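Let's practise asking how a structural label is earned. Each reply sets a value beside the rule behind it.

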Amino acid sequence: MKRRDFFKSAAIVGIASIFKTNALASAVADKKLAVHSEPDLVAVMGGQPAVMLNRALKELGGISHYVKKGQRVVIKPNIGWDKTPELAANTNPELIGTLVKLCKSAGASEVIVFDHTCQDWKKCYTNSGIEKAVIAAGGKMVPANDESYYREVELPHAVSLKKAKIHQALLDCDVWFNVPVLKHHGGAKNSISMKNLMGIVWDRGYFHNHDLHQCIADAATFHKRPALNIVDAYRIMKSNGPQGKSTSDVVMLKSLIVSPDFVAADTASMKLFSQVQPTDIKDVRHISLAEKLKVGTQNLEKLKVKRIKL
Amino acid sequence: MKFLKSVRVVLSLLFFLPIVLFFIDFTGKLPTHLHQLLSIQWIPALLSLNFIVVLVLFVLSLLFGRIYCSSICPLGVFQDISSRKGGFFKKKNKKSRFNYAKPKNILRYSILAVTVIAFIAGSSSLVLLLDPYSTFGRITSQLFRPLAIWINNGLAYVLSGMGNYTLYKVEQVSFVPLAFSVSFLFFIIVAVMSWSKGRLYCNTICPVGTSLGLLSKISVFHISMDDSACNSCGACAKQCKSQCIDSKNKKIDDSRCVDCFNCLSSCKKDAIKFEYRYKKQNSAIQEDINNTRRTFLLASGAVLTTVALANTKKLISSNDSMLTRKPIMPPGASNLEHFNSHCTGCQLCVTKCPMQVLKPAALQYGITGITQPHLAFSTHIFCSYDCNICSSVCPTGALQRLPLEEKKVTQIGVAHFRKQKCVVFTNERDCGACSEHCPTQAVHMIPYKNGLTIPEVTEDICIGCGACESICPARPYQAIYVEGNETQVKAKKPTEAKKFNKKIDNFGF
């Protein structure tokens, strides 16, 4: 049936040319239509946080690809500081609110948001705007200010941080999303998706005392991986991180980087960041240390990367 | 006339309940305006030189007597509650607890005199110890508040186990043995005295009560006894918490009457009334016994005590080795002398501090400053940059009001860095926790070696908030710590970063 095949191919190529996706094009080339070949990393630029998130998730197969009906979901933003959204010390509240709403629409039974903050947790939750956005979207803010909320887990693949106390909400959930903001950081050089894990752990003091970078990389070996790392680069903090002093530290990049791979997400984010503040990725040691622990890859060439400009 | 008692009870509760709740509230949900209820307390008003309040309280006392003691003073109402409980447990047919008792004049006037003289001589230690409002503040914050937090935390623990996070755990009040002991001691004294003898504490120990007693001797309105109607049955005396009605001799000791109005309804002959004092030729106001000798003894005793006290203060403040380091006063304290002489250790700022960095002092300010607040940093506990609650609630003026912008540049201490203890130096690993937490970037990271960075302090922009010390992983002796300023000064404003104005259109990968 040559004619039929011809029409089929023509139709597929036609559709593919509309989407202009490499995946589809290659699928056509291979004469098979693989539905599950989502990209490994999606980067979006030029939109509002909600728009960019929706677009990125669409590339990745939609929220329902990650959240199933009745599941308990945890979202872990960076809410470390008692700062307003304009200062980019915390994850963008609109982004978090949208993600909560998406999870709810996918049928999540419960969407919990928390962070082990560095300053007064109630003020951080309020002034970051995240509490309001989460509650408006039907999610739940949960405290993380007391050791009793944490349970100890083993990290068998870790080098330095062999055990860690992790928040029970995260241990008990079905799926979780890691949603950091892209920032300069005085101690860890940069704070992205792996650094954000310090907010799921109780004893952060241990990190600083036992090779900060190694411990951050170790935390990323925790067996319960986030479904996605969603790096908020709508506003980034280029200097004086992680708190920042004023809006002079903030640069509007209107970007979003999404990947299930910690190392890839952080590598891509560093490349974006370095255009503003040139930084040697080697100095952000936890990225290469995590790669050594097989948490992910820095080699973006090997990955299916999707770049979208809105 | 009987309605007066109800008015008194309602008024008391209107003052008492908000004050108790305000002190206990550990959620920060109650409005901070409530502190105004505390500015109208006698000693805070005097110390903060709040003339309007002082005038109002003075006129009130001159008109009606000790309304302050009966309704406004939380320790007074606390005694009424305790006394009521005492009566509740008493067997009915037993002899009444209350009956006329002679005033303990020597004791009460000595205490008053010593307190006043000591204060004039520059030691506010007795004011701190004896101010009834502050005593109540200490009792509530050191005893009742921890209890409330325990209950909350217990419930929160049970609920969070079931996935319910409506309640959350609150850090327990840190235990300072000396401050606790002082509070507990007064709790016992006040509770036992009021349990068995009503307002005995007010009329014997409290210097505010004693001085208002002097005023109420001449107050325009007072409780009076109609000699002709009274048959000395003693029913009124059995109701009198102050034990100041001498029904046999048909006399009332105005100086001890706290206007509770309980007696009004007890008299079947309507012989007891609350009325205008100077309406007619009254039986001449009680002539005091010739007091010259007593006064002499009293005054000399007072002077001696004061001198002794003043000397202990000197002795202790000269002994710096007692302090591990200079204490850090809350922002707005301006200088050590002002702060120590104006703070009554009422604990309001301690209970309101959202970071719980304010703690009652043990001997940091010397023996006369026990329970005055100071900053004590520990993990995650430091002075929040965007907060000025302590200075805005202080009722005594020990902490002067600081608008937030001013507080952000008020240097209460300075961070000191000891390289030899820093983990970057000892372990040769990155850390930067101090700089990370520094709100002004007075503590910032500078290149060290092998791509590592190490902290450096720019002292003139440091405000001494202690964020760096609180988070420094070097323990037990942090590599960075704050030394308190004896005089709080203005810090320089931190310089802002250079703005980045170029447009980025590429991902960079």
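Q: What makes a residue part of the contact between chain A and chain B, and how many residues does each chain give?
A: Two residues are in contact if their C-beta atoms, placed from the backbone, lie within 7 Å. By that rule, the contact takes 42 residues from chain A and 38 residues from chain B. Five elements of chain A give two or more residues to this side: β1 (41-45), α8 (204-209), α9 (212-219), β11 (250-259) and α10 (262-274). The largest share, four residues, comes from α10(A). Helices (H or I, at least four residues) and strands (E, at least two) are DSSP runs, numbered from the N terminus. This is a predicted model, where local features need pLDDT of at least 70, side-chain atom pairs count only at pLDDT 80 or more, and totals for chains, interfaces and linings use all residues. Residues are numbered from 1 along each chain as its sequence is written, while chains are lettered from A and ligands numbered from 1 in the order in which they are written.

Q: How are the residues on the side of chain A that touches chain B sorted by class?
A: Ala, Val, Leu, Ile, Met, Phe, Trp, Tyr, Cys and Pro count as nonpolar, Asp, Glu, Lys and Arg as charged, and the others, Gly among them, as polar. Sorted this way, that side has 15 nonpolar, 16 polar and 11 charged residues.

Q: Why is α10(A) called roughly antiparallel to α11(A)?
A: The two helices pack at an angle of about 150°, with their axes 10 Å apart; α11 of chain A covers residues 285-292. Axes are lines fitted to C-alpha atoms, for helices over the stretch in contact, and angles run from 0 to 180 degrees between N-to-C directions. Angles under 35 degrees count as roughly parallel, over 145 as roughly antiparallel, 65 to 115 as roughly perpendicular and the rest as oblique. The angle of about 150° therefore makes α10(A) roughly antiparallel to α11(A).

Q: Which residues meet where α10(A) packs on α11(A)?
A: From α10(A) come Phe262(A), Val263(A), Asp266(A) and Thr267(A), and they meet Ile287(A), Ala290(A) and Glu291(A) of α11(A). By class, this contact has four nonpolar, one polar and two charged residues.

Q: What makes Pro85(A) buried or exposed?
A: A residue is buried if 20 or more other C-beta atoms lie within 10 Å of its own, exposed if 12 or fewer, and partly exposed in between; the C-beta atoms are placed from the backbone. Pro85(A) has 21 C-beta neighbours inside 10 Å, so it counts as buried. You can find Pro85(A) in the loop between β2 (72-77) and α4 (93-105) of chain A. Leaving aside neighbours within four places in sequence, Pro85(A) is in contact with Asn92(A), Pro93(A), Ser128(A) and Gly129(A).

Q: How do you know whether Gln488(B) is buried or exposed?
A: Count again: 26 other C-beta atoms lie within 10 Å, so Gln488(B) is buried. Its place is in strand β10 (residues 480-490) of chain B. Not counting residues up to four places away in sequence, Gln488(B) touches several residues, including Pro331(B), Asn335(B) and Thr410(B).

Q: Why can α9(A) be called largely enclosed by the rest of the structure?
A: Eight of its eight residues are buried, so α9(A) is largely enclosed. Among them are Leu212(A), Cys215(A) and Ala219(A). What covers the buried residues of α9(A) includes β6 (163-167), α8 and α11 of chain A.

Q: How much of chain B counts as buried?
A: Of its 509 residues, 46% count as buried. Chain B has 21 helices and 10 strands.
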